[in-house]
Amino acid sequence: MQERNVWVDYAKAIGIILVVYGHVARGVFNAGLPMDEAEFVLVDSIIYSFHMPLFFFLSGLFFFDSLQKRGKGGLIINKVDTIVYPFIVWSLLQGLIEVVLSNYTTGQVTLSEVFSLLWMPRAQFWFLYALFLVFIVCSFLYARADRRYFLPLVVLFGVLFVFKDDLTINSATKFILGNTVFFALGIWFNEVKQYFLARFASLTLFFGTLFVAGQYLFHVSFGMNYEDGGLPVLALATISIFFMVALSMWLGQFRVNWLLFVGASSMTIYLMHILAGSGVRVILASFLGVDSIPVHLVLGTLVGIGAPLLGQIIINRYNLSFLLTPPKPVSATNWRMRKAVAQ
């Protein structure tokens with residue numbers, strides 16, 4: 001019998017590896033290095049057609065149980081600690097570093113852009129911004145809902161996704177309409193999770209075939225791009241998510257510790273990988289004169305994953321958890337104990 005969350009960590013690992021590679025490839029392309037544009041655009045669109053919807057889906061898996069346990073107020077407060085806090089800390093930290101190093105990178109980042117984070121999130125941090133908004137909306141919406149409403153809500157948010165361009169009035173509504181459907185899909189998936197777990201091998205083959213066929217038809221036959229939106233994009237993302245889920249459940253038969261560590265550390269990697277990956281590109285291109293695309297992509301991805309993992313180890317070892325979660329107030333009892341020890 002599979003461990004409860006092993007497949008989830010495998011899915012997170014697959015997703016975060018694609019995130020890092022996608023950002024590294026975009027950085028290399030935007031830097032003007034000799035990269036085949038058609039190949040880059042195709043691979044970029046394939047990755048972006050599902051890797052962030054996958055993370056919204058995974059975030060929705062445990063939402064309803066947490067909502068029932070904490071209540072909507074308690075859940076939102078918890079997400080302030082686990083989403084809003086790292087969003088602010090790392091938006092400022094990465095942004096200020098990018099301002100200092102603007103002469104060496106592909107983008108000219110200004111202080112005004114960095115400090116606009118509360119209404120205009122930058123770089124990869126848009127996901128945390130959008131995720132918190134989705135949590136707020138769903139906390140109120142699902143607080144009075146029971147399981148029989150799960151599938152109708154997926155359909156509702158699917159319709160809103162298809163027509164989001166006509167309904168969007170600001171960046172907040174754009175984030176909500178463009179991503180809540182995948183979060184709701186994760187909530188509903190718990191209703192069929194056991195079916196997937198009992199048939200993961202055959203479902204991997206089935207959805208894998210649909211994934212390959214769907215990506216080919218979408219990108220090659222129809223010449224579409226993930227930014228086109230609409231029902232084809234929603235259908236392709238859903239098929240791709242189910243393929244990643246079935247594949248992750250199949251991988252759950254095996255114990256690949258390094259991959260599980262990557263999945264369990266996906267938040268840390270997400271927060272830190274841009275600095276690590278961009279640093280590799282700057283060193284290779286600006287200081288070493290290396291313009292080999294495979295070298296940039298491989299080293300950038302490996303360091304983009306490995307450096308944050310090392311950072312996670314350092315954070316754990318040296319009690320630097322305030323970089324990821326807000327410091328906990330010291331109780332009077334603990335304060336007296338620390339004072340006694342110090343004396």
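Author: A crossing of two helices is called right-handed if the near helix is turned clockwise from the far one by less than a right angle, and left-handed if anticlockwise. In this predicted model, the crossing of helix 1 and helix 15 is right-handed.

Reader: At what angle do helix 1 and helix 15 pack, and why is helix 1 called oblique to helix 15?

Author: Helix 1 (residues 6-30) and helix 15 (residues 293-317) pack at an angle of about 135°, and their axes are 9 Å apart. Roughly parallel requires an angle under 35 degrees, roughly antiparallel one over 145, and roughly perpendicular one from 65 to 115. The angle of about 135° fits none of these ranges, and therefore helix 1 is oblique to helix 15.

Reader: Which residues of helix 1 and helix 15 meet?

Author: Helix 1 contributes Ile17, Val20, Tyr21, Val24, Ala25 and Val28, which meet Ile293, His296, Leu297, Gly300, Thr301, Gly304 and Ile305 of helix 15. By class, the residues of this contact are nine nonpolar, four polar and no charged. Glycine is counted among the polar residues in this scheme.

Reader: How do you know whether His296 is buried or exposed?

Author: The relative accessibility of His296 is 2%, and buried means under 20%. His296 therefore counts as buried. This residue of helix 15 touches, among others, Val24, Val28, Leu33, Arg281 and Asp291.

Reader: What makes the pair Asp44 and Arg26 a salt bridge?

Author: The closest N and O atoms of Asp44 and Arg26 are 2.8 Å apart, and the definition asks for a side-chain nitrogen of Lys or Arg within 4 Å of a carboxyl oxygen of Asp or Glu. The pair therefore qualifies as a salt bridge. Asp44 lies in helix 2 (residues 37-48) and Arg26 in helix 1, so that the pair links parts of the chain 18 residues apart. Asp44, with a relative accessible area of 10%, is buried, whereas Arg26, at 25%, counts as partly exposed. A search of the whole structure finds five salt bridges.

Reader: How are Asp65, Arg147 and Glu191 linked?

Author: They are linked in a network of salt bridges. Arg147 meets Asp65 at 3.9 Å, N to O, a value within the 4 Å cut-off. Asp65 is in helix 4 (residues 63-100), and Arg147 is in the loop between helix 6 and helix 7 (150-162), 82 residues apart. Arg147 also forms a salt bridge with Glu191, with the closest N and O atoms 2.7 Å apart. Glu191 lies in the loop between helix 9 (171-189) and helix 10 (193-198), so this pair ties together parts that are 44 residues apart in sequence.

Reader: Why is Arg147 called partly exposed?

Author: Partly exposed covers the values between under 20% and over 50%. Arg147, at 40% relative accessibility, therefore counts as partly exposed. Asp65, at 44%, is partly exposed, and Glu191, at 38%, is partly exposed.

Reader: What makes the phi of Ala123 noteworthy?

Author: Most residues other than glycine have a negative phi. Ala123 is not a glycine, yet its phi is positive, about 50°. Ala123 sits in the loop between helix 5 (111-114) and helix 6 (126-142). Asn319, in the loop between helix 15 and helix 16 (332-342), has a positive phi of about 55° and is not a glycine.

Reader: Is Asn319 buried or exposed, and how do you know?

Author: Exposed means over 50%, and Asn319 has 61% relative accessibility, so Asn319 counts as exposed. Ala123, at 39%, counts as partly exposed.

How values were computed. Residues are numbered from 1 along each chain as its sequence is written. This is a predicted model: local features need pLDDT of at least 70, side-chain atom pairs count only at pLDDT 80 or more; totals for chains, interfaces and linings use all residues. Side-chain values use heavy atoms; hydrogens and water are left out. Axes are lines fitted to C-alpha atoms, for helices over the stretch in contact, and angles run from 0 to 180 degrees between N-to-C directions. Helices (H or I, at least four residues) and strands (E, at least two) are DSSP runs, numbered from the N terminus. Contact means heavy atoms within 4.5 Å. Buried means under 20% relative accessible area, exposed over 50%, partly exposed in between (1.4 Å probe, protein chains only). Lists of a residue's contacts leave out its neighbours within four places in sequence.
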